[in-house]
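Please look through the model shown below, and then follow the text from one site to the next.

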Amino acid sequence: MQNELFEKAPVPKAYFKLALPVVFSMVVSLIYNMVDTYFIAQTGNTNLVAGVSLSAPIFTLMIALGDIFGLGGSSVISRLFGQKQDADGKCLSVFCFYAAILCGVIVAAVLMLFRNPVLRLLGADEETFTYASQYFTYIVIGAPFIIVSYTPSNLLRTEGFATASMTGTVLGAVVNMILDPIFISGLQWGAAGAAIATVIGNICTDIFFVWFLLKKSKRLSINPRELRIKTAELGQIFAIGIPASITNLMQSLGTALTNRFLLPYGNEKVAAMGIVMKINMIAVLILVGFAFGAQPLIGYNYGAKNDLRLKKILRFCYGFECGIALVLAVILSAAAPGLVGMFMQDSEMIATGVPMLRMQQVGMVFVAIVLVTTCTFQSAGKAGGAFLLSVSRQGVIFAAVLLIASKVLGYTGVLLAQAVSDFLTAILAVGLFYTLVWKEMQPGKMHKSTAP
């Protein structure tokens with residue numbers, strides 16, 4: 001592991017070295033999502049677009065489950081490396097890898113067993129059920145490959161291999177983008193083709209990560225003979241991993257709730273929101289990349305009790321993240337008509353999608369605050385704070401705001417609900433950060449450090 005990078009390098013240098021590969025992989029994943037949406041939209045079938053949008057939360061669910069072992073594991077391993085307990089970190093990495101595979105097999109079996117009820121719960125109707133079912137079926141079959149890919153992509157960054165993490169993610173996204181037009185349009189597999197391309201892309205990512213762990217990594221492993229884990233460490237993985245997973249589960253819930261509240265206004269509104277959410281990911285994924293790219297740096301210095309360096313890191317993270325969020329919000333709002341028009345040339349769809357996209361940008365700075373705070377809690381092992389934020393922004397707070405706003409303002413209230421939820425969750429994040437982290441970093445609370 002690059003101790004110099006974690007312990008002594010100037011904060012901006014260390015931050016960007018770890019975060020930029022994550023951001024780049026996020027951008028490539030974003031491009032893949034845009035390409036995927038583009039080829040689906042080019043079928044000209046609104047019900048197909050809506051059907052895929054309705055099933056999209058299932059893919060998010062798999063990312064969430066991967067995060068239990070990826071983000072949960074990397075949080076504990078980073079702190080162990082900071083404490084110079086490398087052997088324990090290696091054993092944890094083995095556990096996380098195989099636990100993710102087992103989780104994928106179980107999820108695939110359960111979701112296939114309850115396919116029809118789940119699709120109805122997501123809002124699939126007679127017009128969209130066939131397309132939603134096609135996408136759902138193949139994504140679920142690929143669950144083990146999808147879930148496991150999110151484990152080594154996070155764990156490698158704890159050893160300083162941010163570029164390798166990026167390479168594996170980019171490889172899968174590129175394969176996916178190449179296969180999309182072939183499967184969706186060329187072979188005319190439609191929604192099923194989009195799902196199959198996604199699964200194959202994740203299989204390629206898995207192959208790369210396995211090769212890298214076997215050939216290049218020194219402090220991580222997938223050797224089952226090294227599968228030893230302490231009960232306390234197992235508890236820490238789940239204490240951080242489950243809130244991290246809930247964040248993505250809440251994203252699925254938020255998407256599903258939004259779709260359900262838009263259904264009374266027509267499938268066209270659901271289709272438009274599906275496109276808008278993909279475009280909105282331009283900002284969100286970049287913010288996620290910069291926020292969570294710093295996770296190994298925060299976790300290492302928290303584990304090492306390097307309070308002075310930790311404060312510098314956090315100040316830089318919050319300032320940079322909020323600045324980027326503001327810039328992205330302005331750009332996406334100004335470019336909204338052109339961005340929506342890239343996917344749907346229909347003038348009514350553009351008129352529907354533009355205000356949707358702009359209202360999503362209103363709360364973007366608040367999203368930045370929530371993301372950095374959530375990352376800090378996960379890195380420092382503050383499971384309670386991470387859990388509260390995880391269930392708030394697109395969960396409890398969002399559901400409450402959506403219910404009230406839709407009754408008071410109708411359709412406009414549905415569109416504004418996310419921005420209001422972002423603001424309220426940011427207030428909660430600031431209060432929790434001060435209580436759980438900032439007080440702990442005051443003189444006498446942590447080991448005093450003179451590191452840069």
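**A walk through three sites**

At 47% relative accessibility, tyrosine 434 counts as partly exposed, a class that lies between buried (under 20% relative accessible area) and exposed (over 50%), with a 1.4 Å probe and protein chains only. Tyrosine 434 sits in helix 20 (residues 411-438), where helices are DSSP runs of H or I with at least four residues, numbered from the N terminus. Between the C-alpha atoms of tyrosine 434 and valine 367, which are 67 residues apart along the chain, the separation is 18 Å.

This is a predicted model, in which local features need pLDDT of at least 70 and side-chain atom pairs count only at pLDDT 80 or more, while totals for chains, interfaces and linings use all residues. Residues are numbered from 1 along each chain as its sequence is written, and side-chain values use heavy atoms, with hydrogens and water left out.

A second site is the meeting of two helices. Helix 12 (residues 267-293) includes Asn280, Ala283 and Leu287 among the residues that meet helix 17, whose partners include Met364, Leu371 and Gln378, contact being heavy atoms within 4.5 Å. By class, this contact of helix 12 with helix 17 has 10 nonpolar, 3 polar and no charged residues; Ala, Val, Leu, Ile, Met, Phe, Trp, Tyr, Cys and Pro count as nonpolar, Asp, Glu, Lys and Arg as charged, and the others, Gly among them, as polar.

The third site is serine 221, in the loop between helix 10 (190-215) and helix 11 (231-262). Serine 221 counts as buried because its relative accessibility is 8%. Leaving aside neighbours within four places in sequence, serine 221 is in contact with Lys90, Ser93, Val94 and Glu226.

Conventions. Helix = DSSP H or I, 4+ residues; strand = E, 2+ residues; numbered from the N terminus.
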